[in-house]
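Reader: Please take me closely through one part of this protein, namely the surroundings of the position annotated as the active site. I would like a connected account that begins with the annotation and works outward.

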Amino acid sequence: METAYIKTPLGIAKLVGNEEGISEFIVLNSEEIVTDVIPEVLEDAVYQINEYFEGKREAFSLDLNPEGTDFQKRVWKALEEIPFGKTTSYLGLSKTLGDTKAIRAVANANGKNPLWIIVPCHRVIGSNGSLTGYAGGLYRKQWLLEHESPFKQTSLF
């Protein structure tokens, strides 16, 4: 496995992968040293991540290889289907997976997503529209949703 630490507008993020795909992309709450030379196997991922943050990319085209249970992988696959700039609720995601009673398990799997922004778990909100739990912190979730919003807020001052 190769690892790179890259700078994003929301902090330093750790990217891990190999020829089989990206297995981890997480934002850190600590200051790691940014990787000077990106391993070749991670170059395309870094390029696409930078495009996303620059507002030039709405979807990722990467081979993914996250570790998780079969159920978690089903949830993460369903997250990939949420369009850029759109949101769904945990209940809506549970319905997509065919079991509304699995809402807690779906929320738990969502919270264990190891592929920050690539698998867009930030697009899942509470049924009442609230920004509920987010492993990276609610301020990051809000930033990401505003970044993807087709309606940009402008300052009056």
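Author: A word on the annotations comes first: UniProt positions are given in the numbering used here, with feature names shortened, and such annotations may be inferred rather than shown by experiment. With that understood, an unreviewed UniProt entry lists residues 4-65 as "domain: Methylguanine DNA methyltransferase ribonuclease-like", and for "active site" the unreviewed entry lists Cys 121. The coordinates themselves are those of a predicted model, and everything below should be read in that light.

Cys 121 sits in the loop between helix H4, residues 103-111, and strand E5, residues 124-125. Its relative accessible area is 7%, and because buried means under 20%, Cys 121 counts as buried. Setting aside residues up to four places away in sequence, the contacts of Cys 121 are with Leu 79, Asn 110, Asn 113 and Tyr 134.

The largest pocket, with a volume of about 230 Å³, brings this residue back into view. It is lined by 17 residues, and those closest to its centre are Gly 111, Asn 113, Cys 121, Ala 135 and Gly 136. Asn 113 therefore appears twice, as a contact of Cys 121 and among the lining residues closest to the pocket centre. Strand E3, residues 21-27, and helix H4 each supply at least two residues of that lining, which by class comprises nine nonpolar, six polar and two charged residues.

The lining of the largest pocket also draws at least three residues from each of domain 1, residues 2-54, and domain 2, residues 70-148. Taken over C-alpha atoms, the centres of domain 1 and domain 2 are separated by 21 Å, and the contact takes 15 residues from domain 1 and 14 residues from domain 2.

On the domain 1 side, the stretch 4-65 named by the record is 18% helix and 32% strand, with its end C-alpha atoms 16 Å apart. Helix H1, residues 43-53, has as its buried residues Ala 45, Val 46, Gln 48, Ile 49, Glu 51, Tyr 52 and Phe 53. An α-helix has 3.6 residues a turn, so residues three or four places apart point the same way. The buried residues of H1 pack against strand E1 (2-8), strand E2 (11-18), E3 and H5; E3 is the strand already met in the lining of the largest pocket. Just after H1, Gly 55 takes a positive phi of about 80°.

Two further features help to set the site in context. The second largest pocket has a volume of about 180 Å³, and of the 14 residues that line it, those closest to its centre are Ala 59, Phe 60, Glu 80, Ile 118 and Pro 120. By class, its lining has eleven nonpolar, no polar and three charged residues, whereas the lining of the largest pocket includes six polar ones.

Beyond E5, in the loop that leads to helix H5 (138-148), lies Ser 127. With a relative accessible area of 60%, Ser 127 is exposed, in contrast to the buried Cys 121. Leaving aside neighbours within four places in sequence, Ser 127 is in contact with Ser 89 and Leu 91; in the case of Leu 91, 36 residues of sequence correspond to 6.9 Å in space, C-alpha to C-alpha.

Key:
Residues are numbered from 1 along each chain as its sequence is written. This is a predicted model: local features need pLDDT of at least 70, side-chain atom pairs count only at pLDDT 80 or more; totals for chains, interfaces and linings use all residues. Side-chain values use heavy atoms; hydrogens and water are left out. Helices (H or I, at least four residues) and strands (E, at least two) are DSSP runs, numbered from the N terminus. Buried means under 20% relative accessible area, exposed over 50%, partly exposed in between (1.4 Å probe, protein chains only). Contact means heavy atoms within 4.5 Å. On a 1 Å grid over the protein atoms alone, a cavity is a set of points where a 1.4 Å probe fits but cannot get out, and a pocket is an open set with protein on both sides within 12 Å along at least five of seven lines; lining residues have an atom within 4 Å of a point. Grid points are joined across faces, edges and corners, and a volume is the space filled by probe spheres set on the points. Ala, Val, Leu, Ile, Met, Phe, Trp, Tyr, Cys and Pro count as nonpolar, Asp, Glu, Lys and Arg as charged, and the others, Gly among them, as polar. Domain bounds come from an automatic or database domain assignment.
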